[in-house]
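Q: Could you take me on a close look at the place where ligand 1 sits? I'm new to this, so plain words please.

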Amino acid sequence: MNIFVCVKQVPDTETKITPTSDGSFIETASIKWIMNPYDEYAVEQALLIKTANPAANVTVVRVGSVKDTEALRTAMAMGADDASLVEATDNLDSYSIAKALKGAIEKTGKTPDMILAGKQAIDDDCLQVPQILAQMFNLPSVSVIVGFEMNGNTVKVKREVEGGALEVYELSTPVVLACNKGLNTPRYASLPGIMKAKKKPLAQHSLADVGVSDADRRVKYSGFKLPPEKPAGKKFDATDAAKQKEVVSQVVGLLRTEAKVI
Amino acid sequence: MDFSLSTEQREIRELALKFARNEMTPHSQEFDEKGIFPTDIFKKAWELGLINTCIPAEYGGAGFSSLDSVIIGESLAYGCMGMNTSFMANDLALLPIVIGGSDEQKKKFLTPFTEEFRIASFCLTEPGNGSDAGGIKTTIKDGGDHWIVNGEKMWITNAGHANLFVVYGTIDPALKHKGISAVVVDPKTAGIELGKKEDKMGHRSSDTRGVRFNNVKVPKENMLGKPGDGWAIAMSTLDHSRPLVASSALGGAQRALDLSIQYSKERVQFGVPISKHQAVQFMIAEMGMKIEASRLLVHKAAWMCDQGLKNTEIASYAKAFASDSCMQITTDAVQIYGGYGYSKEYPVEKLMRDAKLIQIYEGTSQIQRLVMARELLK
Ligand SMILES: Cc1cc2nc3c(=O)[nH]c(=O)nc-3n(C[C@H](O)[C@H](O)[C@H](O)COP(=O)(O)OP(=O)(O)OC[C@H]3O[C@@H](n4cnc5c(N)ncnc54)[C@H](O)[C@@H]3O)c2cc1C
Ligand SMILES: Cc1cc2nc3c(=O)[nH]c(=O)nc-3n(C[C@H](O)[C@H](O)[C@H](O)COP(=O)(O)OP(=O)(O)OC[C@H]3O[C@@H](n4cnc5c(N)ncnc54)[C@H](O)[C@@H]3O)c2cc1C
């Protein structure tokens, strides 16, 4: 069984984000990169499947800049067998990323039985690469999965929907699944795992190698800006009983005209 | 000269820090308050390969360098200095075997620690002999086909949970240092009596006790080296263990700095975050400077071990400087937190209590200065 896991490298949640001066992206020089947290659930699920099917091979695939291969090395230290990296700038759009992932998967020469990814990346929060990838491969796909069972070629997944309800799907492999928190508890990379990961194969490709060009770009980023700082909250003094009526109508008025919530 | 860590060392540090933040820090306050021994966390750290870093690869260990082990030590202490004392005590106890044990003893005593989760204690200090370890009174007498150990040990970390003791004693007190010998003892042996758990100022999640030995029989083959080799083994152990203990001070100090930076940017007094007041800035600057200097000393002391260079002097610099700095830095962290720093609701008062011990065990800050002066003036 060939399992592919798409992992993205994202800025550590504690990173202070600064847009570049031309607004086309963010400053990346001093960023500490981590594996996208939702992708950890995908890696863990792949490794759980591998535990149950020791013959399975788990390949992690990433599209992004090479300077730091943290996410791929971490996945291999957790137990993935090999890795593929498509060298690209970190501000590609979802369509190009999906196309590059597809190209990298095909380059391995292995037919995927299962493609796992996180439900979203915590940097751009686009929530669409797994779905685009499934469409490109013409495979069934379920996102936001929080439950997984496998029986031969049949996969039963639980998907979280609004209001905490669960949808249950039964699919036959090959499938593309986008994983959510709660699916499993990602393991740590162990120290022996880190040592072993050094010897695991990491294939590198350019965007051109996997058939992606500038013409594939559907979205171009032009104006990265920090969100405006929140203005300080307003305080109303209602300790004087005689004035309470007046204060309340003032608050209600502002909620109508300024906050526009009622 | 190259100050950078290898890719592997950076990954090891990331893993250990992630473990420290996720598994240790969330429990550190409660375990300290209630004096809970961190068995599950200890075991989990062992499963990840973060414990017993001194065991060589040929006996089943990961084959870490001393530099690797201080990187791990600093990271775990960042999570909780108290829990890390228990973790580190395993290395302190196993090091004499790594250094003074025969091939057979290493296979017999070290390898089981790589196969299952086990805890060890290093038994040197006595009620009447701490700094003056050469004057220990516990006796190891020849009983024919075994050794007989008699005496009392004090302040033994992990004693209540240990699967193995390394015990120092003397074959003849009149011989002074030349009589000191070390034996590996099974804590379940008849005649061993554990004292009550000490009620300590800090490191309250680590287990510290007195241990009494009443005619305890120890197999002949459990002596490390020959009778009288104990002092040399102990001194060589210290050259390896002091950088490790210093690294724990470094981890605690780094946590105090990170918390101070965060708090000082949030706390507003006189209309601005207190980080804008120069008096606060200077405390933070001092912390950063001392941590960087401590880290360079700790890494150098460990690197010298790895190069096979005699590091006694540098190891003492590292131990004294890092622990004295940690005391100052954690005290200033409480200062920066103001009244809140003095409360158990906030994390810095514990750091200040924990820092104190590192100036005391594994040779007090005064004893380190004795060692330095001896090396410098000889
Ligand atoms: C929580 C805890 C855990 C410990 N764990 C272990 C363990 O696992 N195994 C173990 O064997 N020991 C352990 N110890 C013991 C520790 O190593 C000793 O406490 C330490 O060596 C100091 O000895 P002491 O307490 O007897 O103090 P003393 O030696 O009585 O020292 C008292 C004071 O006198 C100073 N002093 C002593 N001699 C001199 C001198 N010549 N010149 C200048 N000043 C001097 C000291 O610096 C100190 O300030 C632990 C201690 C504690 C508190
Ligand atoms: C146990 C305890 C008992 C107390 N009892 C009483 C009591 O009975 N009655 C009472 O009224 N209060 C009491 N206090 C409050 C105490 O007086 C305050 O904690 C103290 O004044 C410091 O204020 P703070 O804690 O808000 O710290 P902050 O004012 O927030 O100070 C934080 C840090 O910033 C520094 N800092 C602040 N401003 C500046 C500046 N302009 N320049 C340089 N550095 C600056 C401070 O020196 C400190 O290091 C008590 C506090 C404690 C902990």
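A: Here is a walk around ligand 1, with a look at ligand 2 afterwards.

Before we start, this is a predicted model: local features need pLDDT of at least 70, side-chain atom pairs count only at pLDDT 80 or more, and totals for chains, interfaces and linings use all residues. Residues are numbered from 1 along each chain as its sequence is written, chains are lettered from A and ligands numbered from 1 in the order in which they are written, and side-chain values use heavy atoms, with hydrogens and water left out.

Ligand 1 takes up the space of the second largest pocket. A pocket, on a 1 Å grid over the protein atoms alone, is an open set of points where a 1.4 Å probe fits, with protein on both sides within 12 Å along at least five of seven lines. A molecule sits in one if more than half of its atoms lie within 2 Å of its grid points.

Who is around it? The shell of ligand 1 has 18 residues, and the closest are Phe122(B), Ser131(B), Trp155(B), Thr364(B) and Gln366(B). To count, a residue needs a heavy atom within 4 Å of the molecule. By class, that shell splits into nine nonpolar, seven polar and two charged residues. Here Ala, Val, Leu, Ile, Met, Phe, Trp, Tyr, Cys and Pro are nonpolar, Asp, Glu, Lys and Arg are charged, and the others, Gly among them, are polar.

Now for where they come from. In chain B, strand 3 (146–157) and helix 11 (365–377) each give at least two residues to the shell around ligand 1. Helices (H or I, at least four residues) and strands (E, at least two) are DSSP runs, numbered from the N terminus. Zooming out, domain 2 (120–228) and domain 3 (231–377) of chain B each provide at least three residues of this shell, with bounds from an automatic or database domain assignment.

Next, the polar contacts, meaning pairs of N or O atoms within 3.5 Å. A polar backbone atom of Phe122(B) is 2.7 Å from a nitrogen atom of ligand 1. Trp155(B) also uses a backbone N or O atom, 2.8 Å from a nitrogen atom of the ligand. For Leu124(B), a backbone N or O atom is 3.0 Å from an oxygen atom of ligand 1. Taken alone, ligand 1 exposes 980 Å², and the protein buries 65% of that; such areas come from the Shrake-Rupley method with a 1.4 Å probe.

And ligand 2? Its neighbours include Phe270(B), Ile274(B) and Gln335(B), and its shell divides into five nonpolar, five polar and one charged. Helix 8 (278–307) and helix 9 (312–337) of chain B each supply at least two of those shell residues. A polar side-chain atom of Arg267(B) is 2.6 Å from an oxygen atom of ligand 2, while a polar side-chain atom of His277(B) is 3.4 Å from a nitrogen atom. Gly339(B) joins in through a polar backbone atom, 2.6 Å from an oxygen atom of ligand 2. On its own, ligand 2 exposes 970 Å², of which the protein buries 43%.

Key. Polar contact = N/O pair within 3.5 Å; in protein donor to acceptor, adjacent residues only side chain to side chain. 1 Å grid on protein atoms, 1.4 Å probe; cavity = no way out; pocket = protein on both sides within 12 Å on 5 of 7 lines; lining within 4 Å.
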